[in-house]
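Trainee: Please take a close look at the sheet that runs between the chains of this model, starting from its strand pairing. I should like to see how the helices and the contact between the copies relate to it.

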There are 2 protein chains.
Amino acid sequence: MKELEEKILREGEVFPGEILKVGSFLNQQIDVPFMMEMGQEVKRLFDGVPITKILTVESSGIAIGFAVAAAMGLPMVFAKKHKSLNLSADLLKSSVFSYTHRTSYDIVVSSEYISRHDVVLIVDDFLAQGNAILGLLDLCDQAGAKVAGAAVAIEKGFQGGGKMLREKGIRVESLAIVESMSDDSVIFKVQGNN
Amino acid sequence: MKELEEKILREGEVFPGEILKVGSFLNQQIDVPFMMEMGQEVKRLFDGVPITKILTVESSGIAIGFAVAAAMGLPMVFAKKHKSLNLSADLLKSSVFSYTHRTSYDIVVSSEYISRHDVVLIVDDFLAQGNAILGLLDLCDQAGAKVAGAAVAIEKGFQGGGKMLREKGIRVESLAIVESMSDDSVIFKVQGNN
C-alpha cells in the first residue's frame with residue numbers, strides 16, 4: 001500500500017534493535033481516518049473470502065483490527081495478554097515469546113467468542129518473528145475455527161516470521177513489507193498489489 | 001442511547017463485586033458495526049465543539065475511542081499502562097487506582113502526542129469510580145491541553161465517579177447510566193437525550 005510506505009518514510013523512526021517506531025500514526029497515536037483506509041485495503045485483499053470474525057491481540061492490534069472489522073462489517077475479538085479477573089474460567093490459552101520485550105507471555109481468549117463455525121482473519125500491526133500470530137493460530141486451532149489468513153500493517157521481511165507462516169501454508173497479506181532498514185533509510189519489498 | 005441499554009439487558013451479565021460483564025460486544029468481543037453507531041452518537045452529543053484529539057487508555061478504551069475518532073475524523077491517542085521499551089523518554093505520567101483490580105498502575109503517554117494546542121475528548125468504555133478519567137485529565141493538564149469533556153459507553157451511576165467529575169465542572173456524557181444492578185436486573189437512569 002503506497003500511502004503506508006510513504007507514511008513510514010515520512011513519520012517512522014528507526015531505533016537500535018531493529019525497532020521501527022511508528023507511534024505517531026499506528027500504535028500510540030492512531031491516524032484513525034488513514035487506518036480506516038488500511039481496513040478497506042485489507043477488505044479488498046480478502047474480497048470473496050467468507051470471513052466471520054477478526055481476531056487480534058491487545059493492545060497495539062486493537063486499532064487495526066477494529067478498522068478491518070469496520071470495513072468488513074464484522075465483529076472483532078481481541079486476545080488478552082494475561083488472565084484477567086473479568087474473564088470467565090473457560091479460556092483458550094497460548095504462550096507467545098516477544099522478541100521486542102525478550103520475554104514470554106500468555107494470550108487468552110474466552111472460548112465463547114471463537115467457535116468451530118468461525119472463519120477467522122487474524123490481524124496485527126506488526127509481523128516480525130511471527131510469534132504473536134502463531135499464538136493466535138493456536139487459539140483458533142483449539143477452538144476448531146478455520147483461519148482465512150493473516151493481515152498485518154507492517155511486516156519486517158528480514159525477521160523471517162512472514163516466510164515461516166507462508167511456508168506453513170498460511171495466507172499472509174502485509175500492507176507494507178520492510179526488506180531492510182538502517183538509521184537513515186527504510187527499503188520496502190515491491191509487492192504485486194502495489 | 002436506547003440501543004445500548006437494550007444490548008446490555010440482552011447480553012450483559014452481572015457478577016459479584018458490582019461487575020457488569022459486557023465482553024460479548026464491548027470489551028473482549030467487539031460488535032464493531034454497533035460500536036461505530038456509538039461513535040456517531042458521541043459525535044452528535046459533542047456537535048460544534050472544536051475537538052482536535054481523542055484520548056483513551058489501553059486496552060478496553062481503544063475500540064470505543066477509535067469509533068469516536070472515526071466518527072469525528074480525528075486522531076486518537078491511547079495512554080499505556082506502564083513504561084514500554086518502545087516509548088521515548090519524554091513521557092507524561094499519572095497514577096491510577098483500579099477499583100476492579102484493587103491495585104494502582106501508571107498511565108503514560110509520549111508528550112509529543114498531546115500539546116497545549118489540543119482540545120481533547122476523553123473516551124472510555126466504563127466510568128465507575130472515575131479514577132482512569134482523573135488520570136487522563138491529569139495527563140492533559142500536564143500537557144497544557146484543553147479538555148472538552150469525557151464520553152463513556154457505560155457509567156455505573158451508583159459508584160460515584162460521574163458525580164465527582166461533574167462536580168469538578170467536567171462535561172461527562174454517558175451513553176448508558178446504570179442506576180442499580182443485581183443478579184437478575186439492570187436499572188438505567190433516564191437521560192434527556194434518550
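Mentor: In chain B, strand β9 (residues 146-156) and strand β10 (residues 172-182) run parallel and are joined by six bridges. One position within β10(B) is B:Val172, which stands opposite B:Ala150. This is a predicted model, and the pairing described here is computed from its coordinates. On going from β10(B) to strand β11 (residues 185-188) of chain B, the sense changes to antiparallel, with four bridges between the two strands. B:Met181 has B:Val186 in β11(B) as its bridge partner. Two residues separate β10(B) from β11(B), and the two strands form a hairpin. As a general point for reading such strands, side chains in a regular strand alternate between the two faces of the sheet.

Chain A can be described in similar detail. Strand β10 (residues 172-182) of chain A pairs with β11(A) in the antiparallel sense over four bridges, and A:Ser182 stands opposite A:Ser185 in β11(A). These strands belong to an open sheet of seven strands with mixed pairing, in the order β11(A)-β10(A)-β9(A)-β8(A)-β4(A)-β5(A)-β3(B). The edge strands, each pairing on one side only, are β11 (185-188) of chain A and β3 of chain B. The sheet thus takes strands from both chains.

A pairing across the chains is also found between strand β3 (residues 29-30) of chain A and β5(B), which run antiparallel and are joined by two bridges. There, A:Ile30 stands opposite B:Met76 in β5(B).

The helices can now be placed against the strands. Helix α1 (residues 2-11) of chain A lies across β9 (146-156), β10 and β11 of chain A, and runs at about 30° to β10(A). Helix α4(A) lies across β4 (53-57), β5 (76-79), β8 (119-127) and β9 of chain A, together with β3 of chain B. The angle of α4(A) to β8(A) is about 135°.

Helix α4(A) also packs against another helix. Two packed helices are described by the angle between their axes and the distance between the axes. The axes of helix α3 (residues 32-45) of chain A and helix α4 (residues 60-72) of chain A come within 8 Å and cross at roughly 60°. That angle makes α3(A) oblique to α4(A). The crossing of α3(A) and α4(A) is right-handed. On the α3(A) side, the residues in contact are A:Met35, A:Met36, A:Met38, A:Gly39, A:Gln40, A:Val42 and A:Lys43. They meet A:Ala63, A:Ile64, A:Ala67, A:Val68, A:Ala70, A:Ala71 and A:Met72 in α4(A). By class, the residues of this contact of α3(A) with α4(A) divide into eleven nonpolar, two polar and one charged.

The contact between the chains takes 29 residues from chain B and 29 residues from chain A. On the side of chain B that touches chain A, the elements giving two or more residues are β2 (19-21), β3 (29-30), α3 (32-45), α4 (60-72) and β5 (76-79) of chain B. Of these, α4(B) gives the most, with five residues. The residues on this side of chain B comprise 17 nonpolar, nine polar and three charged. Since 100% of the interface residues of chain B are also interface residues in chain A, the copies meet through the same surface.

The symmetry can be stated as an operation. A turn of 180°, with a shift of 0.0 Å along the axis, lays chain B on chain A with an RMSD of 0.0 Å. That is the relation of a two-fold axis. The C-alpha of chain B nearest this axis belongs to B:Ser59, at 2.8 Å from the axis.

B:Ser59 deserves attention for its backbone as well. This residue is found in the loop between β4 (53-57) and α4 of chain B, and the peptide bond from B:Glu58 to B:Ser59 is cis, with omega near -15°. In chain A, a cis peptide bond with omega of about -15° joins A:Glu58 and A:Ser59, and A:Ser59 lies in the loop between β4 and α4 of chain A. Most residues other than glycine have a negative phi, and most peptide bonds are trans. A further backbone feature is A:Glu18, which is not a glycine but has a positive phi of about 55°. A:Glu18 sits in the loop between β1 (13-15) and β2 (19-21) of chain A.

Conventions:
Residues numbered from 1 in each chain as written. Chains lettered and ligands numbered in written order. Predicted model: local features only at pLDDT ≥ 70, side-chain atom pairs only at ≥ 80, totals over all residues. Axes fitted to C-alpha atoms, helices over the stretch in contact; angles between N-to-C directions. Parallel < 35°, antiparallel > 145°, perpendicular 65-115°, else oblique. Left-handed = near helix turned anticlockwise from the far one by under 90°. Contact = placed C-beta atoms within 7 Å. Nonpolar A, V, L, I, M, F, W, Y, C, P; charged D, E, K, R; others polar. Pairing = 2+ DSSP bridges. Least-squares fit on C-alpha atoms with pLDDT ≥ 70 in both.
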